[in-house]
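Visitor: I should like a close look at the interior of this protein. Please describe the enclosed spaces first, and then the cysteines.

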Amino acid sequence: MALTPSTMLDLGTPAPDFELLEVVSGQSLSLATLPEQPALLVMFICCHCPFVKHVREQLTELGQDYSDRIGIVAISANDVDRHPDDSPQKLKEMAQSLGWSFPVLYDESQEVAKSYTAACTPDFFLFDRDRRLAYRGQLDGSRPSNNIPVTGEDLREAIEALLAKKPVNPTQLPSIGCNIKWKSGNEPTYYGLGG
């Protein structure tokens, strides 16, 4: 398990477009087809990562608390040839077993993950109404071995600020997780740079 920090993409960056398979419905979903809402949360996740397993119930709660007020999508980009536990079928099973109320997308080419500079799982990108990056970083300070409760407080504070039409605190800490499992020779130039 490689501890990898998120890249901390520049705030204000426009949300990169995507069109990906939604694993539960089997339909294609794109950024353009998502309804306009006060915020859009894009989460990079997978099935096998212990960091994602550590927070997945909180992701369920985030969906329950916010999916009627903001857009939420989860994306998995791991190489399923080397990590079959992250296949679209396994993602579908995870989403259904956890009762996720948001779409779960599969980025087979890994190009969407690259366009977001996603580096780890989980990796969170929160965009404002204009789909400009307002928050990127950790869900909260909890990690699998530090005994801090999983509350989602950092991300929730940013979501609440956008819903209240207030500025998001610019002091943001990177997410930490397993590195995205890139296909051989497909590693992005930012890979491992974290910051």
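Guide: The account below takes the cavities first, then the cysteines, and ends with one loop residue. The model is a predicted one.

Two cavities of 30 Å³ or more are found. The largest cavity has a volume of about 80 Å³. Its lining comprises 13 residues, and the closest to the centre of this cavity are Val 55, Pro 122, Ser 142, Arg 143 and Ile 176. Helix α1, which covers residues 50–66, gives the most to this lining, contributing three residues. Sorted by class, the lining of the largest cavity holds seven nonpolar residues, four polar ones and two charged ones.

The second largest cavity encloses about 50 Å³ of space. Leu 34, Pro 35, Gln 37, Ala 39, Leu 40, Gly 71, Asp 128, Arg 129 and Arg 131 line this second cavity. By class, four of these lining residues are nonpolar, two are polar and three are charged. The three charged residues are Asp 128, Arg 129 and Arg 131, while the two polar ones are Gln 37 and Gly 71.

The cysteines come next. The model contains zero disulfides. A disulfide is a covalent bond between the sulfur atoms of two cysteines, and the rule applied here requires a pair of cysteine sulfur atoms within 2.5 Å. For Cys 49, the closest cysteine sulfur is that of Cys 178, at 3.0 Å, and this pair is therefore too far apart for a bond. Cys 120 is likewise in no disulfide; the cysteine sulfur nearest to Cys 120 is that of Cys 49, 8.3 Å away. As to exposure, Cys 49 is buried, because its relative accessible area is 0%, and a residue counts as buried under 20%. Cys 120 also counts as buried, with a relative accessibility of 0%.

A residue with some exposure may close the account. Gly 99 lies in the loop between α2 (88–98) and β6 (104–106). Its relative accessibility is 43%, so Gly 99 counts as partly exposed. The chain also brings Gly 99 and Thr 60 to a C-alpha separation of 6.7 Å, although their positions lie 39 residues apart along the sequence count. Thr 60 falls within the range of helix α1, residues 50–66, the helix that gives the most to the lining of the largest cavity.

Methods
Residues numbered from 1 in each chain as written. Predicted model: local features only at pLDDT ≥ 70, side-chain atom pairs only at ≥ 80, totals over all residues. Heavy atoms only, no water. Buried < 20%, exposed > 50% of the residue type's maximum accessible area, 1.4 Å probe, protein only. 1 Å grid on protein atoms, 1.4 Å probe; cavity = no way out; pocket = protein on both sides within 12 Å on 5 of 7 lines; lining within 4 Å. Points joined across faces, edges and corners; volume = space filled by probe spheres on them. Helix = DSSP H or I, 4+ residues; strand = E, 2+ residues; numbered from the N terminus.
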